[in-house]
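Subject: Structure handover

Hello,

Here is the structure I promised to pass on. Please open it first, then read the notes below it.

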Amino acid sequence: MNKQAMKEKLCAAIDARRDDIIAIGTKIFEKPELGYKEHYASSLVQQVFADLGLEYRSEIAITGVRAEMKGRESKAKVAVLGELDAVVCPEHPHADPQTGAAHSCGHNVQVAAMLGVAMALKDTGLMAELDGDVAFMAVPAEEFVELEYRNKLRNEGKIKFLGGKQEFIALGEFDDIDVTMMFHSSNSEKKIGIGGTSNGFIGKLIRYIGKEAHAGGAPHLGVNALNAAMLGLMGIHAQRETFRDSDHIRVHPIITKGGDLVNIVPADVRMETYVRGAEMDAIIDASKKVDRALRAGAEAVGAEVEIVQLPGYLPRYNAEALNDIFYQNAVALVGEDEVARGGHGSGSSDIGDVSALMPTIHPYVGGISGRGHASDYAIADPELAYIVPTKLMAMSLVDLLADGAAGVAGCQADFEPVYTKESYLQMWEELLNS
Ligand SMILES: [Zn+2]
Ligand SMILES: [Zn+2]
């Protein structure tokens, strides 16, 4: 069968599965869970894999799941990813009342589309025409949140990294993968955006330690850790004019604990922050300035400060041959006028880490209204949000794995990895201990 015929067959199978795909996304949307706690979404993925007759492994990086489909030959292996976790957005109408979690980053759509690709390949029997394998990975914890909780998991030895894909890398789940694909949903003007870059970052957990005292009766006996934190924040603001526009630096701390009781001088104040940027060198430079500012706040009032450096995410790297494959299929699906290429987003994702190791693609696909990570985030166009990306990934799998997996070979020839797995793990270790 030629590639065009295979693509048409897959797209017809995806149309036939439209209701199943959207139903999975809706179920996950209605039961949002935060990273490394996505037990419901994980069990749903396992159920679909079981229904499709696919063997799978679960509890990878706590909640992750992986299944595989074999081609007629195994000349290459492509991973299709979907993220399991939600973000915190208590004002969202579908937020979990207990945790405040809500799917206002659209990861539910990713999981549904990943499973949609598996359904289409199974329903059509087309793996028998492809010369490589496909790995389906439901990955936990893309949103880098609840730093204190995850750092505790880290100290307990349950995870090494705060991001699920990083953890999959460390666990060896990407060792046998040649090319990785996934997408994020978006509300941008054009329907599909391909080949953009994004910021990387370092995370920080900050704790100011002062001395408690009666806030009214004897504040002179205390050391006010909240004042230390405020001065630390002011110090960070004073660095901003030194950040170059081209580095896209973003520093956005929050205070997660501001004191214990209003009539006690705050002695334990905690903050979390990211230091983001477009290149690691710029991130490291900004990170040193932020640490200096934080320490100066403590120095000013005689408090102490503890700064825990956490492995954040890498900037996103592009593989142009892979972008070209997706671009052609995107144009076939939505027309040239609706496909954007390039651009820089100052957000971050752990797909950046995967993209430093192998050809990886992470397009943005529309269908969303409202703001990302906000209460008005909604799926406005289910066809565009769910069905178009499912078809885009399925069609691109044909280009990658048909004809002796020539597409994968082309992507590899075009791509220079930034790190090997070993040098990647070593880089984070050195950075965090520096
Ligand atoms: Zn997000
Ligand atoms: Zn996201």
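The notes below cover the two zinc sites and then the cavity.

Please keep in mind that this is a predicted model.

Zinc ion (ligand 2)

Start with the zinc ion (ligand 2). Its donors are C105 (SG), H107 (NE2), E142 (OE) and H184 (NE2). They sit at 2.0 to 2.5 Å. Along the chain they follow the spacing C-x1-H-x34-E-x41-H. H107 belongs to helix α4 (residues 107–124), while H184 belongs to strand β8 (residues 184–185), so this pair ties together parts that are 77 residues apart in sequence. Both H107 and H184 are buried.

What about the geometry around the zinc ion (ligand 2)? The arrangement is irregular, because the 4 donor atoms subtend angles of 82 to 143°. To count as tetrahedral, four donors need all angles between 85 and 135 degrees.

Zinc ion (ligand 1)

Now turn to the zinc ion (ligand 1). Which protein donors does it have? They are C105 (SG), E143 (OE) and H373 (NE2), at 2.0 to 2.2 Å from the ion. The spacing in sequence is C-x37-E-x229-H. Two of these donors, E143 and H373, link distant parts of the chain, 230 residues apart. E143 is in the loop between β6 (133–139) and α5 (147–155). H373 is in the loop between β20 (368–369) and β21 (378–379).

Are E143 and H373 buried or exposed? E143 has a relative accessible area of 7%, so it is buried. H373 has a relative accessibility of 40%, so it counts as partly exposed.

The bridge

The two sites share a residue. C105 bridges the zinc ion (ligand 1) and the zinc ion (ligand 2). The two ions lie 2.9 Å apart.

The cavity

How many cavities of 30 Å³ or more are there? The count comes to 1. The largest cavity holds about 60 Å³ of space. Its lining is made up of G195, G196, R316, Y317, N318, N323, I351, S355, T360, I361 and H362. Two elements each give two or more residues to that lining: α10 (351–355) and β18 (360–361). By class, the lining has 7 polar, 3 nonpolar and 1 charged residues.

When you look, begin at C105, which coordinates both zinc ions. Then move on to the cavity lining, with R316 and H362 among its residues.

Best wishes

Definitions and conventions. Residues are numbered from 1 along each chain as its sequence is written. Chains are lettered from A and ligands numbered from 1 in the order in which they are written. This is a predicted model: local features need pLDDT of at least 70, side-chain atom pairs count only at pLDDT 80 or more; totals for chains, interfaces and linings use all residues. Side-chain values use heavy atoms; hydrogens and water are left out. Donors are N, O and S atoms within 2.8 Å of the metal (3.2 Å for Na, K and Ca); water is not among the atoms, so sites may look incomplete. Four donors count as tetrahedral if all angles lie between 85 and 135 degrees; four count as square planar and six as octahedral if opposite donors are over 155 degrees apart and all others between 65 and 115; anything else is irregular. Helices (H or I, at least four residues) and strands (E, at least two) are DSSP runs, numbered from the N terminus. Buried means under 20% relative accessible area, exposed over 50%, partly exposed in between (1.4 Å probe, protein chains only). On a 1 Å grid over the protein atoms alone, a cavity is a set of points where a 1.4 Å probe fits but cannot get out, and a pocket is an open set with protein on both sides within 12 Å along at least five of seven lines; lining residues have an atom within 4 Å of a point. Grid points are joined across faces, edges and corners, and a volume is the space filled by probe spheres set on the points. Ala, Val, Leu, Ile, Met, Phe, Trp, Tyr, Cys and Pro count as nonpolar, Asp, Glu, Lys and Arg as charged, and the others, Gly among them, as polar.
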